[in-house]
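Please open the model in your viewer, with the sequence panel beside it, and keep the selection tool ready. The tour moves from one selection to the next and says at each stop what is there.

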Amino acid sequence: MTERVRVAVIGGGPAGLTAAAALAPSVAGDVLVLEREVETGGIPRHSDHPGYGLRDLRRFMSGPEYARRLTGSAREAGARLETEAMVTGWAGPRTLEVTSPRGRRLVEADAVVLATGARERPRPARLIAGDRPDGVYTTGQLQNLVHLHHREVGRRAVIVGAELVSWSAVLTLHEAGCRTVLMTSEYDKPEAYTAFRVPGRLAFGVLVRARTRVVAIHGKGRVTSVEIENLDTGQRHRVPCDTVITTGDWIPDHELARAAGLDLDEGTRGPRVDTSLATSVPGVFAAGNLLHPVDTADVAALDGRHVAAAVLGHLAGEPAPGGGVPLVAEAPLRWVAPQLVRPGGPPPSRGKLLLWSDAFRTLPRVTATQDGRVLGRARLPWPAAPGRVFRVPYSLVAGADPAGGPVRLTLA
C-alpha cells in the first residue's frame, strides 16, 4: 500500500510540530507528521519543569504544557498527526517506509522534513568501565521514568556532566525523592550558566567537581558506588550512590539522514544544510536539533517555522539552489550550523549562526575570513562555553564571495 501526501514531517517534537503548523494552512494536500512515540511533543513532554516557549511563543510554561500547545497548534492548522509510526527506511528519494501497529506501508511525499532531534550518549558510548547494574540512565530516560511512568529511582545520585540539562536532571531527581550528591565535569569549570548553577547549588546542595570524570560504576544488581578520577592529579576515590545519570554529550538522531544518502557534516554529524535548511537532496529538508545537537526546544521550534518557506518554494516548483560557500568552524569551535551560504539565499533562522565551542571565552571575539580576507569580526557580549550553543550574527559571513573558497570561523 502506498499513501501519497504533499509533505511528510518525520518527528513530532517542537521542530516537526511547528513546521507542520506553519505548512498545513498553505499546502493543498496532506501534511502528515509521523511520530514513533505514543504521543507527540518530543523531549518537553517529559521535562516537567518551567522554561519552555520563551522565544517562539513568548510565554513561560512547563515542558508538558508546551508540548500540548504545539500539538494543538499543529492539529488546528490542519496537519495530520500519526503516532506510533516508525519510519524505518526509504523506498525512493521522498518515499518513506513506515511501520506502525496498523501495518506497514509506503508514504510518498512531494517534500520531506526531517525533524528527528537528538539524543544523549548512554553509558556504553562513553566507555565507562565497571559492572552493569541497574540504576544508570540518561536524562531522557530518567524523566521518562519519573514523569510518564511514575517509577521510583534511587536515593543518592551522581550526575555525569554539568551543563544545563544536568540541572534539569537534578530537578527531576529531587521530585523523585533522590538527592544529587555529586555532579562531575571534565572541563575547567561547570558548563551551565551561572544563573542556573549558583541557585541550583544553593537550592539543592549539589557538590560540583570540575576536572573530574567517572571512570567506573560498581554494583551487583544495583549501583552501589562510582569511581571518580581527578584529571589533574590522577587520584581516584569512590562515591557511594545508587543512581548514575549521564547528561549532555548529544548526538543527532541521524540514521534516516544517513540511510537517505544525505551529505552529513563531520562536526554536528547531522545533515549539511544551507541557510534555508535545504539538504543535499532536492525536496528533503531538515530542522531542529538534528542539525545542532543540542539547542533549546524553542530554537528548534523556530527552525521548524523557518524551514516552511523553503518547503513551500519547492512545492511551487522553484528549482533547487546550487553552489554555495561552505562555512568551516576552526578549533576550539567544534561545529557550525547551517554549513552552507548560498548567494541570494535567505539568512538563517533568527539571523544567527549556531556554533559549539570546546573552550570557555568570557567576551569572545569571532572572526570570519575567506581566502585570507576578513569578512567580518565581532566581540560578543555573551560567553562561549562548552555544553551550550553559541550564537553568532549571520552578518559576519553575509558578504562571502560566491566564487571564493570556504569561510573560516575562528574564536579568540
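Which residues lie nearest the centre of the largest cavity? The model is a predicted one, and in it the residues to select for this first stop are H292, D303, S349, K352 and L354, which lie nearest the centre of a cavity whose lining comprises 16 residues. The space inside this largest cavity is about 120 Å³, and the count of cavities of 30 Å³ or more comes to 1. If you colour the lining by class, you will find 8 nonpolar, 4 polar and 4 charged residues. Helix α8 (297-315) and strand β24 each supply at least two residues of this lining, and α8 gives the most, with 3 residues.

**From the cavity to a sheet**

Strand β24 leads on to the next selection, since it also belongs to an open sheet of 3 strands, arranged in the order β22-β24-β27 with antiparallel pairing. Show β22 (333-337) and β27 (389-393) as well, and you have the edge strands, each of which pairs on one side only. From one strand to the next, the twist averages 30 degrees. Between β22 and β24 (residues 352-357), which run antiparallel, there are 4 bridges, and a convenient place to look along this pair is A337, which stands opposite L354 in β24. L354 has appeared on this tour before, as one of the residues nearest the centre of the largest cavity.

**The second largest pocket**

Strand β22 also takes you to an open space, because β15, β19 (250-252) and β22 each supply at least two residues of the lining of the second largest pocket. The volume of this pocket is about 760 Å³. To find its middle, select R126, E186, Y187, D249 and R334, which lie nearest the centre among the 34 residues of the lining. By class, the lining divides into 16 nonpolar, 8 polar and 10 charged residues. The strand that gives the most to it is β15, with 4 residues.

**Following β15 into its sheet**

Now select β15 together with its companions, and an open sheet of 4 strands comes into view, in the order β10-β15-β16-β17 and with mixed pairing. The strands at the edges are β10 (129-130) and β17 (236-240), each with a single partner strand, so one side of each is left without a neighbour in the sheet. Inside this sheet, β15 (residues 212-218) and β16 (residues 225-230) pair in the antiparallel sense over 6 bridges, and the bridge partner of H218 in β16 is S225.

A short detour starts from V214, whose C-alpha atom is separated by 9.2 Å from that of S185, although the two residues are 29 apart along the chain. S185 is found in the loop between β13 (179-184) and α6 (194-204). Is S185 buried or exposed? Its relative accessibility is 2%, and buried means under 20%, so S185 counts as buried.

**A strand covered on both faces**

Select β18 (residues 243-246) next and turn it from one face to the other: T243 and I245 on one side, and V244 and T246 on the other, are all buried. Which strands should be shown alongside it? Strand β11 (residues 136-138) pairs with β18 in the parallel sense over 3 bridges, with V244 in β18 as the bridge partner of V136. Strand β12 (residues 156-160) likewise runs parallel to β18 and is joined to it by 4 bridges, and here I159 stands opposite I245.

**A helix and a hairpin**

For a helix, select α5 (residues 164-175), in which V165, S166, W167, S168, A169, V170, T172 and L173 are buried. Its 12 residues should span 16 Å at 1.5 Å a residue, and the end C-alpha atoms are 17 Å apart, which agrees. Just after α5, look at the backbone of G177, which takes a positive phi of about 80 degrees.

The last stop is the hairpin formed by β6 and β7, with 2 residues between the strands. Strand β6 (residues 86-92) and strand β7 (residues 95-100) run antiparallel and are joined by 5 bridges, and the bridge partner of G92 in β7 is T95.

Note on methods:
Residues numbered from 1 in each chain as written. Predicted model: local features only at pLDDT ≥ 70, side-chain atom pairs only at ≥ 80, totals over all residues. Heavy atoms only, no water. Pairing = 2+ DSSP bridges. Axes fitted to C-alpha atoms, helices over the stretch in contact; angles between N-to-C directions. 1 Å grid on protein atoms, 1.4 Å probe; cavity = no way out; pocket = protein on both sides within 12 Å on 5 of 7 lines; lining within 4 Å. Points joined across faces, edges and corners; volume = space filled by probe spheres on them. Nonpolar A, V, L, I, M, F, W, Y, C, P; charged D, E, K, R; others polar. Expected span 1.5 Å × (residues − 1). Buried < 20%, exposed > 50% of the residue type's maximum accessible area, 1.4 Å probe, protein only.
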